[in-house]
Amino acid sequence: MIFNTNLVHGKLIKRYNRFLADVSLDNGDIITAHCTNSGSMKSCIEVGASVYLTPNDDPSRRTKFTWEMIYINGGWVGVNTLMPNKLAFESISKNKITKLAGYNFVKREVKFLDSRFDIYAENGVEKCFIEVKNVTMKSDNYALFPDSVTSRGLKHLETLVEVKKSGIRAVMLYIIQRTDVDTFGIAKEIDPKYNSGIIRAMAEGVEVIAMQAKVSPQEITLQKELPIHIY
């Protein structure tokens with residue numbers, strides 16, 4: 001997925017109020033950027049680190065930049081939670097994820113019961129609902145989700161179980177926007193209910209896929225599937 005505009009470079013001053021971050025741009029201006037990530041962003045906040053922002057000239061927006069990525073531990077970490085959905089949709093549509101290849105109809109934001117899933121796909125053989133989550137948290141060599149308690153994420157897992165029970169394929173897809181990890185797991189110390197929820201979901205036949213993405217100021221590309229360690 002290629003960025004369709006030139007990103008703006010700066011240094012992180014601070015992130016606050018969950019959805020806002022102050023950044024010092026290279027030209028000396030200090031601006032407030034929108035942060036789409038409502039989680040704790042644990043292990044991807046470092047004051048003074050390089051960041052890239054997307055400029056926005058929409059006159060109705062209070063903030064004129066969106067925070068896209070931060071340079072941590074020798075590489076870029078994607079913090080925009082909207083990007084994994086776009087990347088997953090593009091990749092599934094183009095058969096770039098082996099375990100999700102072969103669908104000739106792919107659509108975003110489709111409801112099932114009282115939940116809205118990120119992607120719905122189908123072909124002549126099967127139908128599939130896919131929920132996508134952004135992963136940025138790191139502990140040792142693990143990418144972990146979630147970085148804060150997520151009742152919404154737990155509800156998605158519970159509804160994916162209902163999807164599977166109805167005879168439709170159900171997939172939980174984690175997009176890991178950093179390359180300094182090699183295994184995916186659940187941060188059960190942060191959200192034990194979510195950990196229990198995914199174990200139940202997997203026992204009911206919900207599939208879990210973890211894909212690692214390489215982030216750069218020019219593009220975000222899926223690299224490989226990571227092994228999963230959930231217990």
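**Figure 1. Salt bridges in the model.** Six salt bridges turn up in this structure, which is a predicted model. Three of the pairs get a close-up here and in the next two figures. In this view, Lys133 meets Glu131, with the closest N and O atoms 3.2 Å apart. Are these two partners buried or exposed? Both Lys133 and Glu131 are buried.

**Figure 2. Arg169 reaches Glu207 across the chain.** For this salt bridge, the closest N and O atoms are 2.8 Å apart. The partners come from distant parts of the chain: Arg169 belongs to strand β12 and Glu207 to strand β14, 38 residues apart. Arg169 has a relative accessible area of 12%, so it counts as buried. Glu207, at 27%, is partly exposed.

**Figure 3. Arg178 and Asp180, plus a small network.** The side chains of Arg178 and Asp180 form a salt bridge at 2.7 Å, N to O. Arg178 is buried, at 2% relative accessibility, while Asp180 is partly exposed, with a relative accessible area of 21%. Elsewhere, salt bridges with shared partners tie Glu126, Arg169 and Glu207 into one network. As background, side chains of opposite charge can pair when their charged atoms come close.

**Figure 4. Strand β14 and its two partners.** Why is strand β14 described as largely enclosed by the rest of the structure? Seven of the nine residues in β14 (residues 207-215) are buried, so the strand earns that description. Strand β12 (residues 169-176) pairs with β14 in the parallel sense, over six bridges. To find your way around that pairing, look for Ile175, whose bridge partner in β14 is Met211. β14 also pairs with strand β15 (residues 220-225), this time in the antiparallel sense and over five bridges. Here the residue to look for is Ala213, bridged to Leu222 in β15. β14 and β15 make a hairpin, with four residues between them.

**Figure 5. An open sheet of four strands.** The strand order is β10-β11-β13-β16, and the pairing is mixed. Which strands sit at the edges? Those are β10 (137-139) and β16 (228-229), each pairing on one side only. Strand β13 (residues 183-186) runs parallel to β16, and two bridges join them. Zoom in on Phe184 and you'll find its bridge partner in β16, Ile228. In general, strands of a sheet pair through backbone hydrogen bonds, either parallel or antiparallel.

**Figure 6. Thr36, a buried loop residue.** Thr36 sits in the loop between β3 (30-34) and β4 (50-55). At 14% relative accessibility, Thr36 falls under the 20% cut-off, so it counts as buried. What does the Thr36 side chain have for polar company? One of its polar atoms lies 2.8 Å from the backbone nitrogen of Thr81. Leaving out residues up to four places away in sequence, Thr36 touches Phe19, Thr66, Val79, Asn80, Thr81 and Leu82.

**Figure 7. Helix α1 and the residue that follows.** Which residues of α1 (residues 83-93) are buried? The list is Met83, Pro84, Asn85, Leu87, Ala88, Ser91 and Ile92. It helps to recall that an α-helix has 3.6 residues a turn, so residues three or four places apart point the same way. After α1 comes Asn95, where phi is positive, near 60 degrees.

How values were computed:
Residues are numbered from 1 along each chain as its sequence is written. This is a predicted model: local features need pLDDT of at least 70, side-chain atom pairs count only at pLDDT 80 or more; totals for chains, interfaces and linings use all residues. Side-chain values use heavy atoms; hydrogens and water are left out. Buried means under 20% relative accessible area, exposed over 50%, partly exposed in between (1.4 Å probe, protein chains only). Two strands pair if DSSP finds at least two bridges between them. A polar contact is a pair of N or O atoms within 3.5 Å; within protein, one must be able to donate a hydrogen and the other to accept it, and residues adjacent in sequence count only if both atoms are side-chain atoms. Contact means heavy atoms within 4.5 Å. A salt bridge is a side-chain nitrogen of Lys or Arg within 4 Å of a carboxyl oxygen of Asp or Glu.
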